Amino acid sequence: MSGSEFFSQVFSLCPDAINVNRLGDGLFLAINEGFTRLTGYTEEDVRGKSALDLQLWVNPEDRR
């Protein structure tokens, strides 16, 4: 199993919420099922958006 295959399986199967975002603007690049269960947002919901767009930060300054 390659490193990328291993990461993909861990990412997908982990019960915890995991998301991958761009550092500069926080745009979502990928989420797992744990993220969907916790937030209710699907991959389609977050595509092209950031956590700030979805108001996931209690204090938006923490993102900055």
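In this predicted model, methionine 1 sits in the segment that precedes helix 1, which spans 3–13. With a relative accessible area of 68%, methionine 1 is exposed. Together with Phe6 and Val10, Met1 forms a nonpolar patch on the surface, and the accessible area of these residues together is about 340 Å².

Helix 1 also holds serine 4. This serine counts as exposed because its relative accessibility is 54%, and the cut-off for that class is over 50%. The side chain of serine 4 reaches the side chain of serine 2 in a polar contact of 3.2 Å. A view across the chain is given by serine 4 and serine 50: the two are 46 residues apart in sequence, and their C-alpha atoms are separated by 25 Å.

Turning to the interior, the largest nonpolar core is built from six residues, namely Phe28, Ile31, Phe35, Val46, Ala51 and Leu54. Phenylalanine 28, a member of this core, has a generous list of partners once neighbours within four places in sequence are set aside: Asn19, Val20, Asn21, Phe35, Val46, Lys49, Ser50, Ala51, Leu54 and Leu56. Serine 50, already met in the distance to serine 4, is thus also one of the residues in contact with phenylalanine 28.

The backbone offers a further point of interest at glutamine 55, in the segment after helix 3 (43–46). Most residues other than glycine have a negative phi. Glutamine 55, by contrast, has a positive phi, near 55 degrees. The residue is exposed as well, its relative accessible area being 69%.

How values were computed:
Residues numbered from 1 in each chain as written. Predicted model: local features only at pLDDT ≥ 70, side-chain atom pairs only at ≥ 80, totals over all residues. Heavy atoms only, no water. Core = buried A, V, L, I, M, F, W, Y, C linked by side-chain atoms within 4.5 Å. Buried < 20%, exposed > 50% of the residue type's maximum accessible area, 1.4 Å probe, protein only. Contact = heavy atoms within 4.5 Å. Patch = residues over 30% accessible without salt bridge, like charges linked within 9 Å, V, L, I, M, F, W, Y side chains within 5 Å. Areas by Shrake-Rupley, 256 points an atom, 1.4 Å probe, with all protein chains shown as cover. Salt bridge = Lys/Arg side-chain N within 4 Å of Asp/Glu carboxyl O. Helix = DSSP H or I, 4+ residues; strand = E, 2+ residues; numbered from the N terminus. Polar contact = N/O pair within 3.5 Å; in protein donor to acceptor, adjacent residues only side chain to side chain.
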